[in-house]
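Got your viewer open and a selection box ready? Follow along stop by stop, and pick each residue as it comes up.

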Amino acid sequence: MATFLYKLGRLTFRRRRFVALIWVALLALAGFGAASASTATSSSFSIPGTEAQRAFDLLEQRFPGASADGATARVVFKAPEGEKVTDAANKGEITGIVKELRSGSDQVAQVADPFEAQAVSQDGSTAYISVSYKVNSMELTDQTRDALEEAGKDAQGSGMKVEIGGDALQVMPHTGTAEIIGVVIAAIVLVITFGSLIAAGLPLVTALIGVGIGVSLITALANVLDLGSTTPILASMIGLAVGIDYALFIVSRYRAELADGREREDAAGRAVGTAGSAVVFAGLTVVIALVGLAVVNIPMLTKMGFAAAGTVAIAVVIALTLIPALLGFAGKRVMGRKARKGAETAQNSDAKGAEKPSLDKDTAKAKSADAKPNMGTRWARFVLRRPVWVMVVGILGLGVVAVPAASLEMGLPDDGAQPKSTTQRQAYDMLSDGFGPGFNGPLMVVMDGKDSSDPKAAAERVSKEIESIGVVAVTPAQFNKAGDTAMITVIPKDRPSSHATEEVVHDIRDAGRDIKSDTGAEVLVTGATAMNIDFSQKMNDALVPYLALVVGLAFLLLMLVFRSILVPLKAALGFLLSVIAALGAVVAVFQWGWLGSLFGVEQTGPIMSMMPIFMVGVVFGLAMDYEVFLVTRMREAYVHGESPGQAIVTGFQHGARVVTAAAVIMMAVFAGFIGSSEQMVKMIGFSLAVAVLFDAFVVRMAIVPAVLALLGRKAWWLPRWLDRALPNVDVEGEKLQKQLTEGPAASGSDSGSDSDGGDGHGGERELVRV
């Protein structure tokens with residue numbers, strides 16, 4: 001693989017104008033496709049194999065005109081202090097708004113008058129109008145939304161407070177200025193790392209191009225593939241982070257090759273052949289983990305994983321092709337000012353016959369015997385002196401943070417998790433105060449009486465059984481035209497995302513089994529609340545199997561790369577530790593409310609159901625990034641004769657700074673999404689930022705070297721039979737190194753300007769570094 005990528009890097013360097021033109025054209029085409037694509041007309045949410053989904057499908061079949069998947073809204077009114085909504089003036093305003101809503105759009109299916117539907121609170125202070133639409137929320141026209149928002153403004157003028165809840169006003173989530181701050185922080189880190197604005201700008205430019213293409217394609221295909229509104233945001237979050245990191249590794253390696261005296265084209269080829277090999281492997285792990293989300297069998301999550309995986313794949317291809325092309329345009333400006341001065345001095349000295357100094361001052365110091373060790377070297381030596389203490393402190397620290405994960409409760413947030421400034425949240429609070437929290441999450445009980453001899457009697461028994469469970473209200477059964485199916489609305493006592501409401505759903509389903517055995521009528525519970533409960537249960541059941549799949553895959557892939565058994569085992573266990581610790585932090589902030597105000601958490605509740613499994617998939621790939629870029633340098637040093645301890649120092653000497661910069665950049669990008677108004681995006685941004693912090697700085701930078709120091713030579717042991725059986729993927733570029741050493745012409749024969757400084761010994765100076 002390294003040999004092929006070496007040739008690819010040289011080719012794209014030489015044909016840089018053509019390569020850059022291709023990528024600009026792809027970006028323009030993707031942007032045109034996104035701009036011309038029709039607005040997504042669906043954001044369906046289905047959970048195959050669950051009771052809530054079966055009930056939902058049954059409603060569509062038996063009540064064809066009911067628009068079971070249509071958008072809904074609740075216009076909530078609260079009378080001024082000392083008045084009631086039933087007062088003549090207030091009642092007249094509300095009745096007028098009912099008429100206004102009915103005539104406001106032809107997409108309206110039904111508008112329920114609160115005074116006829118008994119939607120007035122007992123104290124008379126609050127009332128609500130229920131509005132149902134013929135189409136789902138993504139198909140509502142701007143005219144329909146405007147009519148809904150305009151309804152009630154006159155009532156506000158009369159003194160009543162009017163707010164609107166439901167999914168009819170659902171809009172695309174926004175991330176705010178914090179996302180821009182994350183990119184700015186990434187730029188600052190890159191400038192500090194490289195000491196050159198050109199070198200710092202390359203990863204940012206290429207990452208933005210990759211995200212632009214990926215998100216544009218998602219937007220263009222959103223209508224065709226039925227993609228959710230958060231899919232582009234999550235894809236951009238992951239694509240931006242990995243895009244910057246992958247470009248960072250290749251640019252850093254290219255600068256190191258220049259520092260060793262390589263000609264620019266040869267340096268680009270070697271950078272892509274060595275660091276690029278690791279980029280391919282790291283990107284492959286992320287793609288596999290995201291695509292693997294399909295095993296959960298939830299279409300929304302599968303599409304989200306595929307979309308994010310596609311963005312990551314684009315980031316890998318851009319790093320392998322566009323980066324070397326742009327390096328060709330950048331020239332020597334990719335080096336810092338001091339390094340460029342060193343290059344001029346080198347040329348002058350070479351012209352006088354003097355020995356050629358290095359282009360890179362830091363590299364020259366590292367090579368000298370009395371050089372001052374860098375921070376990575378000093379840290380590695382400290383770990384080697386106290387490996388047991390470092391390992392124990394790291395494991396115990398993450399263990400303490402992971403404790404809250406034992407209390408993990410998963411669910412889906414309702415409007416109560418929205419910011420308090422939104423009309424949806426205020427409507428939610430007004431309904432809770434006036435009618436009780438259960439009114440925000442009514443349950444829909446569907447009775448299939450097709451196999452029952454007396455469906456009406458069965459429906460009466462269902463209502464009595466539900467009333468005995470203990471709920472606020474049970475509406476009379478509404479039968480379809482055929483009289484074989486009934487709908488019963490149930491209002492629980494607690495809010496939709498509470499554990500008590502979940503118990504009510506389970507109790508109704510338990511009672512339904514007895515009813516079916518006695519009457520033949522099947523009882524199913526659906527509605528948004530039941531859907532969320534079933535979704536959470538399915539995600540909870542899939543978490544452990546998916547985690548086992550990912551960890552097993554990590555072990556096999558790392559065994560392939562490092563030709564070892566203990567190193568992959570250590571990496572997989574470290575990944576588990578960082579993931580569990582990150583879950584603990586998420587539970588502490590979003591479920592318990594610790595430091596919640598600092599991160600904009602206005603109401604605690606269960607953790608987003610898809611967040612843990614999505615985090616596992618993403619963090620798995622990122623953890624393998626750091627493992628590959630740090631540990632492959634250690635293995636290469638060990639293979640070339642260094643002792644196990646010295647190999648650890650060498651790995652940190654060359655890799656610690658780049659890995660640290662990459663981790664800080666990823667944390668900054670992910671943390672930027674904490675400012676999103678969407679609870680799921682906020683939670684995923686926080687969890688990924690924390691997971692990168694734990695995995696990069698605690699696991700990879702502390703626990704990993706400590707464990708390797710304790711294992712010594714045993715860390716790199718692999719049975720001979722297994723060594724022969726495993727294919728050699730050559731992530732470290734050993735075959736490339738051998739080829740360049742045996743045939744220096746191979747690296748420069750196709751371009752007369754690409755010889756290694758004219759001495760013909762460039763291959764012998766090669767030290768493959770990742």
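Start by selecting Arg-74, which stands opposite Gly-165 in strand β4. Before going further, some ground rules: this is a predicted model, where local features need pLDDT of at least 70 and side-chain atom pairs count only at pLDDT 80 or more, while totals for chains, interfaces and linings use all residues. Residues are numbered from 1 along each chain as its sequence is written, and side-chain values use heavy atoms, with hydrogens and water left out.

**Stop one: strand β1**

Widen the selection to β1, residues 72-78. Helices (H or I, at least four residues) and strands (E, at least two) are DSSP runs here, numbered from the N terminus. Two strands pair if DSSP finds at least two bridges between them. β1 pairs in the antiparallel sense with β4 (residues 161-165) over 5 bridges. Now add β3 (residues 126-133): β1 pairs with that strand too, again antiparallel, over 7 bridges. Ala-73 is the residue to click for this pairing, as it stands opposite Val-131 in β3.

Is β1 largely enclosed or not enclosed by the rest of the structure? It is largely enclosed, because 5 of its 7 residues are buried. Buried means under 20% relative accessible area, exposed means over 50%, and partly exposed is in between, using a 1.4 Å probe and protein chains only.

**Stop two: strands β6 and β10**

Select residues 522-526 for β10, a mostly covered strand with 4 of its 5 residues buried. Bring in β6 (residues 443-448), which pairs with β10 in the antiparallel sense over 5 bridges. To find the register, pick Met-444, which stands opposite Thr-526 in β10.

**Stop three: rings**

A pair of aromatic rings is described by the distance of the centres and the angle of the planes. Rings of Phe, Tyr and Trp (its six-membered ring) pair if their centres lie within 6.5 Å; planes under 30 degrees apart count as stacked, over 60 as edge-to-face and the rest as tilted. How many aromatic pairs does the structure hold? There are 7.

Show Phe-435 and Phe-439 as sticks: they make a tilted pair, 4.9 Å centre to centre with 40 degrees between the planes. Both Phe-435 and Phe-439 are buried. Add Tyr-128 to the view, since ring pairs link Tyr-128, Phe-435 and Phe-439 into a cluster.

Next, jump to Tyr-638 and Trp-716, a stacked pair at 6.0 Å centre to centre and 25 degrees between the planes. This pair links distant parts of the chain: Tyr-638 is in helix α21 (residues 610-639), and Trp-716 is in the loop between α23 (679-711) and α24 (720-725), 78 residues apart. Trp-716 is buried, with a relative accessible area of 13%.

Two charges are also worth a click. A charge sits over a ring if NZ of Lys or CZ of Arg is within 6 Å of the ring centre and within 35 degrees of the ring normal. The charged end of Arg-16 sits over the ring of Phe-13, 5.1 Å from its centre. Lys-91 has its charged end over the ring of Phe-115, 5.1 Å from that ring's centre.

**Stop four: cavities**

On a 1 Å grid over the protein atoms alone, a cavity is a set of points where a 1.4 Å probe fits but cannot get out, and lining residues have an atom within 4 Å of a point. The structure holds 6 cavities of 30 Å³ or more. Grid points are joined across faces, edges and corners, and a volume is the space filled by probe spheres set on the points.

The largest cavity has about 110 Å³ of space. Of its 13 lining residues, Pro-413, Ala-417, Gln-603, Gly-605 and Pro-606 are the closest to its centre.

For the second largest cavity, of about 60 Å³, select α8 (197-225), α9 (231-259) and α11 (299-330), the elements that give two or more residues to its lining. The lining includes Thr-206, Gly-239 and Thr-311.

**Last stops: single residues**

Stay on α8 and pick Ala-220. Its C-alpha atom is separated by 7.7 Å from that of Ser-36, 184 residues apart along the chain. Ala-220 is partly exposed, with a relative accessible area of 22%.

Finish at Arg-563, in the loop between α19 (528-562) and α20 (566-591). Most residues other than glycine have a negative phi. Phi of Arg-563 is near 50 degrees, a positive value. Arg-563 is buried, with a relative accessible area of 11%.

Key:
On a 1 Å grid over the protein atoms alone, a cavity is a set of points where a 1.4 Å probe fits but cannot get out, and a pocket is an open set with protein on both sides within 12 Å along at least five of seven lines; lining residues have an atom within 4 Å of a point.
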